[in-house]
Amino acid sequence: MLSSVSRSVRRAVAYAAALAVVVALVIATRSALPDAADRTADTAAQRAGAADGAGQPPQRFPLFGRRTNGHLVDYEQNGAGGLKTGVDMGGGFGDMTALLQANVSANGAGNDLYYRMNGSLYFTAERDNDTQLIGPGWDMFTLLVSVGNMGGTADPDLVARDAGGALWLYQGQGGGKLESRIKIGNAGWNAMDRLVGRGDYTGDGKADLISRGTDGTLYLYPGTGKAVEGGTLGSRFIVGKGWDAYVLFASTGDSDGDGRTDLIASDKAGALWLFKGTGNASAPFAPRVQIGTAGWGGFDAIF
């Protein structure tokens with residue numbers, strides 16, 4: 001088995017090569033971008049890999065963080081809820097306006113990246129150093145999140161919020177493609193400033209969605225496992241108030257090995273906290289456990 005450092009080095013090589021390819025792709029495609037009125041993400045491609053979904057036990061993923069200086073850092077999990085020492089993956093990621101972790105390469109064993117730059121979405125595979133332009137027009141979305149297998153197929157999905165506040169599901173199709181988008185939430189999602197997914201928080205084997213309101217209220221939207229307009233998310237539960245004390249959120253799957261999906265958040269003081277999943281929809285998280293001291297305020301994204 002490869003050590004965490006070896007895995008990090010392999011990722012660093014893949015992602016560094018990706019940056020050079022992306023620059024070339026941006027130059028080559030900039031003149032060919034369609035007018036804003038003609039842009040559509042319906043035919044864009046992303047396969048978010050073998051993340052948690054219906055009938056699947058929760059997996060464990062590394063935590064990636066982007067420092068404010070544009071460097072990407074890889075934090076492998078220690079299996080007990082904490083993190084190993086981070087490995088710097090290199091700089092150049094500051095121009096990316098969205099970063100998503102996905103499991104696509106090596107039959108779902110790779111930790112790959114989707115990222116948005118200059119309005120276009122790109123994908124880089126960890127295992128085969130493959131970088132490709134997914135498509136333009138992704139600047140229509142104000143939030144993007146990798147949510148695991150929410151639609152009930154064999155491939156995990158992507159959820160996006162548009163500028164009007166509607167929520168869309170891009171169901172994984174396999175082979176690096178997405179199904180045509182499905183509206184899973186009407187205008188009103190602009191009242192949310194954070195979305196987190198990639199796991200089952202209710203214990204029913206279906207991938208769910210976590211959101212935070214601009215008033216600091218945290219909500220759990222249980223997934224139904226169905227890719228149906230208006231029927232992908234069930235009625236929401238209020239997790240709690242006061243979650244505006246936290247700045248960044250991420251799901252790294254089952255961090256502590258108890259078979260339940262957990263949540264990670266950084267607070268305004270720069271500390272990092274683990275909220276262990278309970279599998280209970282009405283009270284999905286146990287009391288928080290600190291897994292990182294001050295210093296996480298130097299990150300502008302964790303995923």
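Leaving aside neighbours within four places in sequence, Asp262 is in contact (heavy atoms within 4.5 Å) with Tyr201, Ser251, Gly253, Asp254, Ser255, Asp256, Leu274, Phe275, Lys276 and Gly277. The model is predicted, so that local features need pLDDT of at least 70 and side-chain atom pairs count only at pLDDT 80 or more, while totals for chains, interfaces and linings use all residues. Residues are numbered from 1 along each chain as its sequence is written, and side-chain values use heavy atoms, with hydrogens and water left out.

Asp262 is located in the loop that runs between β18 (246-250) and β19 (263-267); strands (E, at least two residues) and helices (H or I, at least four) are DSSP runs, numbered from the N terminus. Asp262 is buried but forms no salt bridge, and Arg60, the nearest side chain of opposite charge, is 7.4 Å away. Buried here means under 20% relative accessible area, exposed means over 50%, and partly exposed lies in between, with a 1.4 Å probe and protein chains only. A salt bridge requires a side-chain nitrogen of Lys or Arg within 4 Å of a carboxyl oxygen of Asp or Glu. For charge, Lys and Arg count as positive and Asp and Glu as negative, whereas His and the chain ends are not counted.

The side chain of Asp262 does make polar contacts with backbone nitrogens: that of Gly277 is reached at 2.7 Å, and that of Ser255 lies 2.8 Å from a polar atom of the Asp262 side chain. A polar contact is a pair of N or O atoms within 3.5 Å; within protein, one must be able to donate a hydrogen and the other to accept it, and residues adjacent in sequence count only if both atoms are side-chain atoms.

The two strands on either side of this loop, β18 and β19, run antiparallel and are joined by four bridges. Two strands are taken to pair if DSSP finds at least two bridges between them. Phe249 has Ala265 in β19 as its bridge partner. Of the five residues of β18, four are buried.

At the level of the whole protein chain, there are two helices and 22 strands. Buried residues account for 54% of the 303 residues. Of the contacts between residues at least 6 apart in sequence, 47% join residues at least 24 apart.

One open sheet consists of four strands in the order β4-β5-β6-β7, with antiparallel pairing. Its edge strands, β4 (98-102) and β7 (131-135), each pair on one side only. The twist from one strand to the next averages 25°, where axes are lines fitted to C-alpha atoms, for helices over the stretch in contact, and angles run from 0 to 180 degrees between N-to-C directions. Within this sheet, five bridges connect β5 and β6 in the antiparallel sense, and Arg116 has Leu121 in β6 as its bridge partner. Asn118 occupies the loop between β5 (112-117) and β6 (120-124). Its phi is positive, about 55°, although Asn118 is not a glycine. Most residues other than glycine have a negative phi. Asn118 is partly exposed, with a relative accessible area of 48%.

A second residue with positive phi is Arg198, which is not a glycine and has a phi near 70°. Arg198 is placed in the loop between β14 (192-196) and β15 (209-213). Arg198 is buried, at a relative accessible area of 3%. Strand β15 also contains Gly213, a buried residue with a relative accessible area of 4%. The C-alpha atoms of Gly213 and Met192 are 4.1 Å apart, although 21 residues separate the two along the chain. Beyond its neighbours within four places in sequence, Gly213 contacts Ala191, Met192, Asp193 and Tyr219.

Another open sheet of four strands has the order β8-β9-β10-β13, again with antiparallel pairing. β8 (141-148) and β13 (182-185) are the edge strands, each pairing on one side only. On average, neighbouring strands of this sheet are turned by 30° against each other, direction ignored. Strand β10 (residues 167-170) is joined to β13 by three bridges, and Leu169 stands opposite Ile182 in β13.

Leu169 is also among the residues in contact with Thr232, including Met150 and Ile184, when neighbours within four places in sequence are left aside. Thr232 is in the loop between β16 (218-221) and β17 (237-240). Thr232 is buried, with a relative accessible area of 0%. A polar atom of the Thr232 side chain lies 3.2 Å from the backbone oxygen of Val228.
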